[in-house]
Amino acid sequence: MRTEEAMHPGVRWIGPETDLRTIARIMKDEDIGALPVGENDRLIGMVTDRDIALRALANGHDVSSLTARDVMTHEIVYCRTSESVEDAIHLMESKMIRRLPVINDDKRMVGMLSLGDISHCTSRELTGELVQAVTAHHA
């Protein structure tokens, strides 16, 4: 199965100057844990609920003045629509991530592949291996 068949199609973007309160509200309203950050029609980062907790709240910053750019993860890991779900799983395992933006041949983000999506389209064994890899403690 290709990632295009397993992903959540369509993704909401936020700009790098979006404030954390707005980001948190979007995450709550849409029941999501990550938002891609785009600028000039390019994917430049990703903000996760964990980024907010660790890079803003745990560091004692004044969260009212922080934006997506202040807390986002800059290194973007993604997969392509034509890749197999198994290849995406291996990438997620090696990078210890739970969500992957999905890019088409035109280099446009067209969806998101999450741990939940994978659990619906693969075997329990494969899903279990992925869960074990992405929930292991970071060294």
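**Exercise 1. Pairing around strand S6**

Strand S5 (residues 99-103) pairs with S6: determine the sense of the pairing and how many bridges support it.

*Solution.* The model is predicted.
- Step 1. S5 and S6 run antiparallel, and five bridges join them.
- Step 2. Pick one bridge to fix the register: Ile 103 is partnered by Met 109 in S6.
- Step 3. Look at the connection. S5 and S6 make a hairpin, with five residues between the strands.
- Step 4. Turn to strand S1 (residues 8-9). S1 is also antiparallel to S6, through two bridges.
- Step 5. Fix that register too: Met 112 of S6 lies opposite His 8.

**Exercise 2. The setting of S6**

Explain why strand S6 (residues 109-114) can be called largely enclosed by the rest of the structure.

*Solution.*
- Step 1. Apply the cut-off: a residue is buried when its relative accessible area is under 20%.
- Step 2. Count along the strand. Five of the six residues in S6 are buried, so the rest of the structure largely encloses S6.

**Exercise 3. Helix H5 against helix H7**

Describe how the axes of helix H5 (residues 85-95) and helix H7 (residues 124-135) are placed, and state which residues make the contact.

*Solution.*
- Step 1. Choose the descriptors. A packed pair of helices is described by the angle and the distance between the two axes.
- Step 2. Read them off. The axes of H5 and H7 come within 9 Å, and they cross at roughly 20°.
- Step 3. Classify the angle. Angles under 35 degrees count as roughly parallel. H5 and H7 are therefore roughly parallel.
- Step 4. Add the hand: the crossing of H5 past H7 is left-handed.
- Step 5. List the contact. H5 supplies Glu 86, Ile 89, Met 92 and Glu 93, while H7 supplies Leu 126, Glu 129, Leu 130, Ala 133 and Val 134.
- Step 6. Sort by class. The H5 and H7 contact has six nonpolar residues, three charged and no polar ones.

**Exercise 4. Positive phi outside glycine**

Locate Asp 31 and Lys 107, and decide whether Asp 31 and Lys 107 are buried or exposed.

*Solution.*
- Step 1. Recall the background: most residues other than glycine have a negative phi.
- Step 2. Take Asp 31. Its phi is positive, near 55°.
- Step 3. Place Asp 31: the loop between helix H2 (20-30) and strand S2 (34-39) holds it.
- Step 4. Asp 31 has a relative accessible area of 70% and is exposed.
- Step 5. Take Lys 107. Its phi is also positive, about 65°.
- Step 6. Place Lys 107: it sits in the loop between S5 and S6.
- Step 7. Lys 107 is exposed, at 63% relative accessible area.

Technical notes. Residues are numbered from 1 along each chain as its sequence is written. This is a predicted model: local features need pLDDT of at least 70, side-chain atom pairs count only at pLDDT 80 or more; totals for chains, interfaces and linings use all residues. Side-chain values use heavy atoms; hydrogens and water are left out. Buried means under 20% relative accessible area, exposed over 50%, partly exposed in between (1.4 Å probe, protein chains only). Helices (H or I, at least four residues) and strands (E, at least two) are DSSP runs, numbered from the N terminus. Two strands pair if DSSP finds at least two bridges between them. Axes are lines fitted to C-alpha atoms, for helices over the stretch in contact, and angles run from 0 to 180 degrees between N-to-C directions. Angles under 35 degrees count as roughly parallel, over 145 as roughly antiparallel, 65 to 115 as roughly perpendicular and the rest as oblique. A crossing is left-handed if the near helix is turned anticlockwise from the far one by less than a right angle, and right-handed if clockwise. Contact means heavy atoms within 4.5 Å. Ala, Val, Leu, Ile, Met, Phe, Trp, Tyr, Cys and Pro count as nonpolar, Asp, Glu, Lys and Arg as charged, and the others, Gly among them, as polar.
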